[in-house]
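Colleague: Please put the model up, and let us go through its pairings and packings by question and answer.

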Amino acid sequence: MLDFQQYQHAFTAHIRDPENNPKPNNVDEERMAVYREGVYNNIFEAASVCFPVCQETVGTNYWDAIIRRFIATHHASSPIFREVPKELVTFLEADTETSDYIKQLAHYEWVELAVGGMPTETPTLSKETDLLNEVPVLAPAHMLLQYDYPVQKISAQFRPEQQKTTHLFVFRNAEFEVNFIELNPMAYVLLKMLKEGMTGKQALTELAEQIQHPEPQAIIDFGYGVLQNLMQQQAVLGSYSS
Amino acid sequence: MSRLTDINGVGLGLKRELIPQIQHHFQQKTPDDLISNIDFIEIAPENWIGAGGKYAKQLAWFVERYPIACHGLCLSLGGPDPLNTKFLKQVKQFLSVNKIPLYTEHLSYCSDFYQNKPGYLYDLLPIPFTEEAVHYVADRIKQTQDILGQRIAVENASFYIKPPIATMDELTFLNAILAEADCWLHLDINNIYVNSVNFGFDASVFLKGVPVERIVYSHVAGHYLQKSDLLIDTHGADVSDPVWSLLAEAYALFGAFPTLLERDINIPPLDILMKEVDTIASLQAGAADVKQRTNSVAA
């Protein structure tokens with residue numbers, strides 16, 4: 001390490017974790033505080049706007065402690081500001097002091113930002129939509145998610161004590177609004193299959209086989225209803241023939 | 001395709017809050033009187049790289065209407081961790097796709113190598129002014145220019161601490177780096193003033209010592225007075241009188257050069273902000289144009 005880098009190392013180590021790392025020698029405390037507070041405020045702001053429910057659920061002091069631990073220990077790998085909240089989600093996932101439902105809530109809150117800013121290309125669609133015999137096309141900016149907790153219901157008034165598998169389809173519509181749809185487990189599996197490029201009928205037939213349903217046509221009818229409903233909500237845009 | 005010579009006149013740093021207001025003052029591709037003095041727009045690549053949806057649409061709108069300069073915040077030219085070449089390749093792609101002719105960065109660092117791992121701290125930290133640091137930073141600028149295939153400009157940053165291990169003053173450091181890396185200067189007038197108060201030097205002397213032939217454009221911004229000898233470079237207030245005087249002095253010394261208003265927080269409505277844009281335009285109109293600068297930068 002070069003001499004000036006040794007100084008830099010002491011400087012940033014102090015900014016990150018002032019309790020465990022003294023400031024470099026002969027540096028004015030008031031000026032040092034400008035940097036400590038500047039880094040804290042920047043990161044607090046960049047990370048916090050994305051997580052209003054997390055903050056409310058854990059409370060101000062606990063949230064502050066999370067941000068301080070994040071600064072002290074996390075090695076943020078992205079120079080892109082929009083990805084700072086993702087850095088916090090990554091940090092929380094590995095953080096032993098954070099409860100599982102908060103980790104998942106943080107992920108859920110980050111999803112809105114991620115889907116809102118996801119780069120996409122305009123999909124090709126058939127002129128006539130055929131959700132069963134062609135491949136249904138999902139809104140290009142989307143995430144299909146499974147959580148262990150009902151993340152969309154968590155708040156300061158509701159901290160889940162028991163796990164409950166929750167499936168969500170989160171997508172951006174043509175007006176750039178991010179929408180959340182709660183799915184039942186079968187609809188979740190159906191969308192997973194469609195993402196792999198199956199036609200509506202192929203996916204639903206396989207689904208009926210998987211669950212050994214006595215009447216596969218009932219599953220196809222059910223699934224067709226789900227797809228039509230998703231299309232009304234702009235979550236499915238149409239279909240294309242593979 | 002914008003060229004470097006299109007980065008001229010008066011610029012405005014783009015903030016999300018301003019986008020709908022600016023768009024409102026456009027009839028098709030023509031701006032109305034209120035915003036007619038905006039000649040170019042500056043964006044931070046870290047806010048726009050990889051952004052889709054409405055952000056991509058907004059960016060495309062500006063790319064169609066304005067020459068754009070990219071002013072980066074996270075390249076960490078003085079950082080102890082390896083230069084992020086993956087990010088630089090994204091920057092290169094971004095500049096190319098959006099026809100952006102210029103990329104500038106700060107003479108500072110925003111990342112570290114804590115516990116032997118690279119990590120971003122997302123703030124502009126002070127590089128110790130030493131001989132070793134000059135070579136180190138100049139090498140990283142050269143590496144950046146090699147990857148991008150174009151010359152960059154570096155900005156004199158604002159500081160609150162002069163590392164006690166420093167062996168030279170800021171102006172000597174700045175000039176040594178510009179010469180060794182052979183890059184342009186993104187001259188921040190507010191930062192000269194902020195540092196002159198924070199470290200007790202004469203801003204005019206600093207100004208007279210910068211290499212005019214390397215100035216590609218300049219910044220003005222507002223700061224916050226924390227104490228009589230401590231200014232914080234917040235970009236959150238109106239441009240102060242001493243900074244306007246210093247800009248006027250620079251134009252008198254060197255002739256007018258392109259200048260951009262930065263306002264990042266406490267952003268007033270566009271019609272109020274435009275008064276400062278108009279002030280830059282009127283200062284430029286009253287100053288001579290300097291052929292020496294435009295010729296060398298355009299070359």
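Colleague: Which residue meets Arg68(A) in a salt bridge?
Modeller: This is a predicted model, in which local features need pLDDT of at least 70, side-chain atom pairs count only at pLDDT 80 or more, and totals for chains, interfaces and linings use all residues. Side-chain values use heavy atoms, with hydrogens and water left out, residues are numbered from 1 along each chain as its sequence is written, and chains are lettered from A and ligands numbered from 1 in the order in which they are written. A salt bridge is a side-chain nitrogen of Lys or Arg within 4 Å of a carboxyl oxygen of Asp or Glu. The N to O value here is 3.3 Å, and the partner is Asp64(A).

Colleague: How are Arg68(A) and Asp64(A) separated in helix α4 of chain A?
Modeller: Helices (H or I, at least four residues) and strands (E, at least two) are DSSP runs, numbered from the N terminus. Helix α4(A) covers residues 60-73, and the two residues are four apart in it, so the separation is about one helical turn.

Colleague: How many salt bridges are there over all chains?
Modeller: The rule is the one applied to Arg68(A) and Asp64(A). Over all chains, the count by this rule is twelve.

Colleague: Are α1(A) and α2(A) parallel, perpendicular or oblique?
Modeller: Axes are lines fitted to C-alpha atoms, for helices over the stretch in contact, and angles run from 0 to 180 degrees between N-to-C directions. The axes of α1(A) (residues 3-16) and α2(A) (residues 29-48) come within 9 Å and cross at roughly 60°. Angles under 35 degrees count as roughly parallel, over 145 as roughly antiparallel, 65 to 115 as roughly perpendicular and the rest as oblique. The pair α1(A) and α2(A) is therefore oblique.

Colleague: Which residues of α2(A) make the contact with α1(A)?
Modeller: Contact means heavy atoms within 4.5 Å. From α1(A) come Phe11(A), His14(A) and Ile15(A); from α2(A) come Met32(A), Tyr35(A), Arg36(A) and Val39(A).

Colleague: Which residues of α5(B) meet α1(A)?
Modeller: Helix α5(B) spans residues 131-148 and packs on α1(A) at about 85°, with the axes 8 Å apart. The two helices are therefore roughly perpendicular. On the α1(A) side are Asp3(A), Phe4(A) and Gln5(A), and on the α5(B) side Glu132(B), Ala133(B) and Tyr136(B).

Colleague: In the open sheet of chain A, which are the edge strands?
Modeller: Two strands pair if DSSP finds at least two bridges between them. The sheet has three strands in the order β2-β3-β4 (chain A), with antiparallel pairing. Pairing on one side only are β2(A) (142-147) and β4(A) (178-183).

Colleague: Which residue in β4(A) stands opposite His167(A)?
Modeller: Strand β3(A), residues 166-172, pairs with β4(A) in the antiparallel sense over six bridges. Opposite His167(A) in β4(A) is Leu183(A).

Colleague: Which helix packs on the sheet?
Modeller: The helix touches β2, β3 and β4 of chain A, and its direction makes about 175° with that of β2(A). It covers residues 100-116 and is α6(A).

Colleague: What is the average twist from one strand to the next in the barrel of chain B?
Modeller: The barrel is closed and has eight strands, β1-β4-β5-β6-β9-β10-β11-β14 (chain B), with parallel pairing. From one strand to the next, the average twist is 25°.

Colleague: Which residue in β5(B) is opposite Ile41(B)?
Modeller: Strands β4(B) (residues 40-43) and β5(B) (residues 68-71) run parallel and are joined by three bridges. The residue opposite Ile41(B) is Ile68(B).
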